[in-house]
Structure formats: C-alpha cells, structure tokens
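User: I keep seeing labels on protein models and I'd like to know what earns them. Can we go through a few?

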Amino acid sequence: MRKKIVAGNWKMNTTVPEGVELAKAVVAGAANVPADVKLIIATPFTHLCPVAEVVKGSVVALSAENCADKEKGAYTGEVSAAMLASTGCQYTILGHSERRQYYGETDAKLVEKVKLALANGLDVILCVGENLEEREAGKHFEVCGNQIKNVLYNFTAEEMAHIVIAYEPVWAIGTGKTATAEQAEEIHAFIRITIADKFGVQVAEDTSILYGGSCKPSNAKELFAQKDIDGGLIGGAALKADDFIAIALSY
Ligand code: PEP
C-alpha cells in the first residue's frame, strides 16, 4: 500500500543553527502526527549531518534536495549520492523545477541522478510539473507525461518501490497560487495511469504521488482528500514547524 507523506523542502533557507532549531521543533511536533503519515525534511547539504543527529531515533526522515549526476571525482562543488548516504539521510529530492529552470537539469541528467541515488540506497522524490505557459496552452498532461516517461521509464518495477513522485505545477510554487483540488487530482490520476502503463496497476497503486505548490494548513485538507493525492511536498510552509505539522495533521 502506498504511503502518505508530508515532506518539507527547505530550499536555500536557514543557517545551520537555525536549521537545527527548526528540525528540533519538527521532531517535537511529530509526536502528534498519526503514525501512518510519514514526515520528511529536506535540508541544504550543509545541514544534513547536524540535522541527522536531531532526527535520529524519531519518526522524521531526512532528505537532501539534489545530488550529483556523477559518481565521484573532479567535479568541484558537487555532492555525490554516496556522500549523501554517508550523512545518514534516506532520501533525495531530484528534478525540482528550480533546478530544471536555473541549473539546466535535464531529464537525461535526472536519469543518471536517480540511478546513483538508488545505487547508494537513497529513496528519490522526483518532481515533475508544467510551467504557466504550458498550462495555458493545455499541455500540462503532455509535459508531465513526458517527464515521467523520460526519467522513470528507465527503471524497473522493483526500483519504483524506492521512488516517490511530486507533482508541482511551476506556476503554483512560491506564488501563493495553489492548483485547485480538481486540477491537482486530474494530473495525479494521469500520472498514476502513466506509471501503470509501464509498470502495471499494482506498482502504480503503490506509488506515492505528492502535491506541491503553495500547500499550506488552510488548503492541505482538501488536497489530501483527493483519491490520488498521497500527501505534499511543502516549500515555504515547511520553514515554520507549526505550519508544517499542521499540514501533516490535515490528514
Ligand atoms: C516547492 O518548492 O517544493 C514548493 C512546493 O514550494 P511552495 O510550497 O513554497 O510553493
């Protein structure tokens, strides 16, 4: 059965001491969250080791926000999947639209990143989503379908057990504009069918598909009530432990 997941993406926010305090507050609040809702916090690379100590022994899992598309070597400034795994984190986000938009992350690079993450024992939260122009042109199904096919169709059904998908319409990220529950549900259902087409119905049913884009305590309940929405990837609201926990309590 697929997991319900509420994952926070801190992006490039907080210093290390601030991040440690935020993680402590999330761990404290997690005590109230039902056991069937998995909590994940994705922090900047610099925060992973100290935050791993904070979440150790708690129900909160730790994620990175990206990893290198190369195994190791002369790639100055990059952080490999093996390095991430050695910090104690269990997940990495890959393919966030900010990385696709500002850092030239292509589907081909993402295939390499997903391969390396899985090979190093990390689970992956793969982001897909259309931008405003694509939405207005009615191309959202095509764009998301292609992102899924270009990346995930290179993997096996067994590997899919270690992959979570996050549908994040780019026009809703950090803009305060949320997709309506109906808009989100129709794409989530479509993504599930796209997974079923390649891997079969059971794998599709077992894959968690999260919604991301201005999700907050006031709209989480309606979004999470949709049949194919299995939780959220939360940006801005994850920087306040109370809001993040309130979103998790919306289930
Ligand atoms: C995100 O960047 O993953 C995200 C969903 O951001 P926000 O919640 O701030 O829109």
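Analyst: Sure, let's take some labels one by one. This is a predicted model, where local features need pLDDT of at least 70, side-chain atom pairs count only at pLDDT 80 or more, and totals for chains, interfaces and linings use all residues. Residues are numbered from 1 along each chain as its sequence is written, and side-chain values use heavy atoms, with hydrogens and water left out.

User: What makes D36 and K4 a salt bridge?

Analyst: The rule wants a side-chain nitrogen of Lys or Arg within 4 Å of a carboxyl oxygen of Asp or Glu. For D36 and K4, the N to O distance is 3.2 Å, so the pair fits the rule. The two sit 32 residues apart, with K4 in strand β1 and D36 in the loop between α1 and β2. (Helices are DSSP runs of H or I, at least four residues; strands are runs of E, at least two.)

User: Why is D69 called buried?

Analyst: Buried means under 20% relative accessible area, exposed over 50%, and partly exposed in between (1.4 Å probe, protein chains only). D69 has 17%, so buried is the word. Its salt-bridge partner K70 comes out at 35%, so K70 is partly exposed.

User: How do you know that β3 and β4 pair?

Analyst: Strands pair if DSSP finds at least two bridges between them. β3 and β4 have 2, in the parallel sense, so they qualify. One bridge partner of A64 to look for is T92 in β4.
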